Amino acid sequence: MKDKKHCTIVQDLLPNYIENLTEKETNTFIEEHLKECDECKKVYELLTKEIKNENKSENKKDINYMKKYNTKIRTLKTIIIIIFTIFIILTGRKLIIIEKVKNLSNPYITSDNYYVKNNTYINSTLSKHEIFNKGHVRLVKYIYPDISGHLIHYYKDNVMNAYAQVNDQKIAILNTPIDMGNWLESNRLKSKNILEDIIMAIFTNITTEECNGKQCYRISNIPEFIDMDGPFYSILYIDKDTGLFIRTVRPAGEWATLQDGEFVKRREPDTIDDYEYKFNCVTEEQIQEPNVDEYEIHT
Ligand SMILES: [Zn+2]
């Protein structure tokens, strides 16, 4: 009955049998043999134990791995949420400041009586100019410390008369048509829509700093693609009270500058402009056009 040959076959097949990998007929053959053979039965029991234990520890490994993996995912999610929240808070703060300074500047922009003192530093050379605006008349005085003389631009109803004195020579160029616009308009933050403000909020840095005795928002890292309808500034200092520029910093580069009444692109060094404003103080006397009779007229 007991056939040693069968024992070898059965024991060879046992691992597959335990894992349910054997065919029905094979199963019957093995089961029949196990009923009769104690030796094979022992082997069968041992193997079953072993294989079950193996599977258990493998399951344990899988569970541990899943647990670790889930914890990692959860930590990563938390980190992403924290970073995103911080980003939203910081950008939100900047957006609020941008909207605030824009709104602050509105009442000043509508003023038609204002005085602005502008000091321009190119490298370490200082040039000054003063703007007197009263109603439809604007007088701009340029003072160049290294040249004896002056330059006055007198604007009225979108026409400009220029009066220059260099040493003893006095020259006037009259009736240049020009769009006067609002001089102050170029000295405040402006954007076409909220999207531009959001882009500005994302990319720039905003800190609080004192500049020329005024509490300012210092906006830096302004990317070049933010179109401000004017020169590109790398740093802006904006008055916390008026929303107007107190200082602008323009990096060296190719910029359009006024030359002989025309805008020409020129390579310019680093330029810093400082501004001081006064409102409702300009008198008729201050916007008096120079006496044209004293000047030699050029065309
Ligand atoms: Zn056997």
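A residue is called buried if 20 or more other C-beta atoms lie within 10 Å of its own, exposed if 12 or fewer do, and partly exposed in between, with C-beta atoms placed from the backbone. The model here is predicted, so local features need pLDDT of at least 70 and side-chain atom pairs count only at pLDDT 80 or more, while totals for chains, interfaces and linings use all residues. Residue numbers start from 1 along each chain as its sequence is written.

**Exercise 1.** Work out which class Asn-212 falls into: buried, partly exposed or exposed.

*Solution.* Start by finding Asn-212: look in the loop between β7 (205-211) and β8 (214-220). (Strands are DSSP runs of E, at least two residues; helices are runs of H or I, at least four; both are numbered from the N terminus.) Next, count neighbours: Asn-212 has 13 C-beta neighbours inside 10 Å, so it's partly exposed. Finally, check the backbone: phi of Asn-212 is near 50°, a positive value in a residue that isn't glycine.

**Exercise 2.** Do the same for Asn-167: is it buried or exposed?

*Solution.* Asn-167 sits in the loop between β5 (159-166) and β6 (169-177). Just 8 other C-beta atoms lie within 10 Å of Asn-167, so it's exposed. Its phi, too, is positive, near 50°, and Asn-167 isn't glycine either.

**Exercise 3.** Figure out how spread out the chain is, next to a compact globule.

*Solution.* First, list the parts: 4 helices and 14 strands. The radius of gyration (over C-alpha atoms) is 42 Å, well over the 19 Å from the globule rule for 299 residues, so the chain is more spread out than a compact globule. That rule is 2.2 Å times the number of residues to the power 0.38. Last, the box: along the principal axes, the C-alpha atoms fill roughly 140 × 35 × 35 Å.
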